[in-house]
Amino acid sequence: LLAQCPAERVLPRLPLPPELKLSGVSGSIWQGEVARIDWRGTTLRKVSWRLPISSLLLVSPALQLTFKDPGTLLGRAEVSGLRQPQLSDVSLQAPADWIMAQAKLPLPVTVSGKIQLELDQLQITPTRCEALQGTLQWSGAGMDSQFGSLRLGRAKADLSCAKGKLVVKLKQGSEQLQVEGRGELSLPNTYSFQGTLTPGQGLPDSMAQGLNFIGQRDSQGRVRLDYAGRI
């Protein structure tokens, strides 16, 4: 009975958040799939899981998740830990325009390209970043707006923790624009970012003129970036 217990009988009895809606559940509690997951306006499809019995015997349940919808999310992740959940072996890819739609930012732009997240480990609490090692890459990055098209090429961010803060080291480069900098996020919602923005010869004139409103340029033509605030 335990080995073949249907997941569709078990999941509705779990203390799941009321905003979380699961549709099309199949398989057992050890290995199965959800056809659709709805969570606060975000929809994921074709999410499968595997719960190795060996992890239960070690009193450290490890839920292995697989995402198989190219329109939203592709890849895998492992969630473990009871008192303090943590992520490991994360490799996720999503279209940049889908990510932008989930963020619901009031920006009059459309984006293109793929965003890839690779994490060896991630462990955070509501107030601290305990452990983080990974990268976030945006390949084929581009933006289109009323001011013109911007081709960003490849953008990469190295992710880590330092003194309880989430640290992002950003580097992006193309013929039109180069950005480098370091950002810190103090949980739950305080951030800072310092870096430089260097326009290239291929940058549309309307965008180049707009850089003058961001800040003064140094002798090398770079615009200094220095932001801090709360999310």
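This is a short walk through some salt bridges, a surface patch and one glycine in the structure above.

Okay, before anything else: this is a predicted model, so please keep that in mind as I go.

Let's start with the charged side chains. How many salt bridges does the count come to? It comes to 11. I'll pick out a few of them.

Take Lys68 and Glu33. They form a salt bridge, and the closest N and O atoms sit 2.9 Å apart. What I like here is that this pair links distant parts of the chain: Lys68 is in strand E4, Glu33 is in strand E2, residues 31–39, and the two are 35 residues apart. Are these residues buried or partly exposed? Lys68 has a relative accessible area of 37%, so we call it partly exposed. Glu33 comes in at 26%, so it is partly exposed as well.

Now go along to Glu184, which has two partners to talk about. One is Lys165, with the closest N and O atoms 3.4 Å apart. Glu184 lies in strand E11, residues 177–186, and Lys165 lies in strand E10, residues 165–173, so this salt bridge ties together parts that are 19 residues apart in sequence. The other partner is Arg182, whose side chain meets that of Glu184 at 3.1 Å, N to O. Put those together and you get a network of salt bridges linking Lys165, Arg182 and Glu184.

How accessible are the members of that network? Glu184 is at 22% relative accessibility, which makes it partly exposed; the cut-off for buried is under 20%. Lys165 is partly exposed at 30%, and Arg182 is partly exposed at 33%.

Right, from charges to greasy side chains. Which residues form the nonpolar patch on the surface? They are Tyr191, Ile214, Tyr227 and Ile231, and together they have about 410 Å² of accessible area. If you want to find Tyr191 on the screen, look in strand E12, residues 190–199. Tyr191 has 32% relative accessibility, so it counts as partly exposed.

Last stop, Gly71. You'll find this glycine in the loop between strand E4, residues 62–69, and strand E5, residues 73–80. So that's the strand with Lys68 in it again. Gly71 is partly exposed, with a relative accessible area of 44%. What does Gly71 touch, leaving aside residues up to four places away in sequence? Pro95 and Trp98. And Leu44, which is 27 residues from Gly71 in sequence, is 9.2 Å away in space, going C-alpha to C-alpha.

How values were computed:
Residues numbered from 1 in each chain as written. Predicted model: local features only at pLDDT ≥ 70, side-chain atom pairs only at ≥ 80, totals over all residues. Heavy atoms only, no water. Helix = DSSP H or I, 4+ residues; strand = E, 2+ residues; numbered from the N terminus. Buried < 20%, exposed > 50% of the residue type's maximum accessible area, 1.4 Å probe, protein only. Contact = heavy atoms within 4.5 Å. Patch = residues over 30% accessible without salt bridge, like charges linked within 9 Å, V, L, I, M, F, W, Y side chains within 5 Å. Areas by Shrake-Rupley, 256 points an atom, 1.4 Å probe, with all protein chains shown as cover. Salt bridge = Lys/Arg side-chain N within 4 Å of Asp/Glu carboxyl O.
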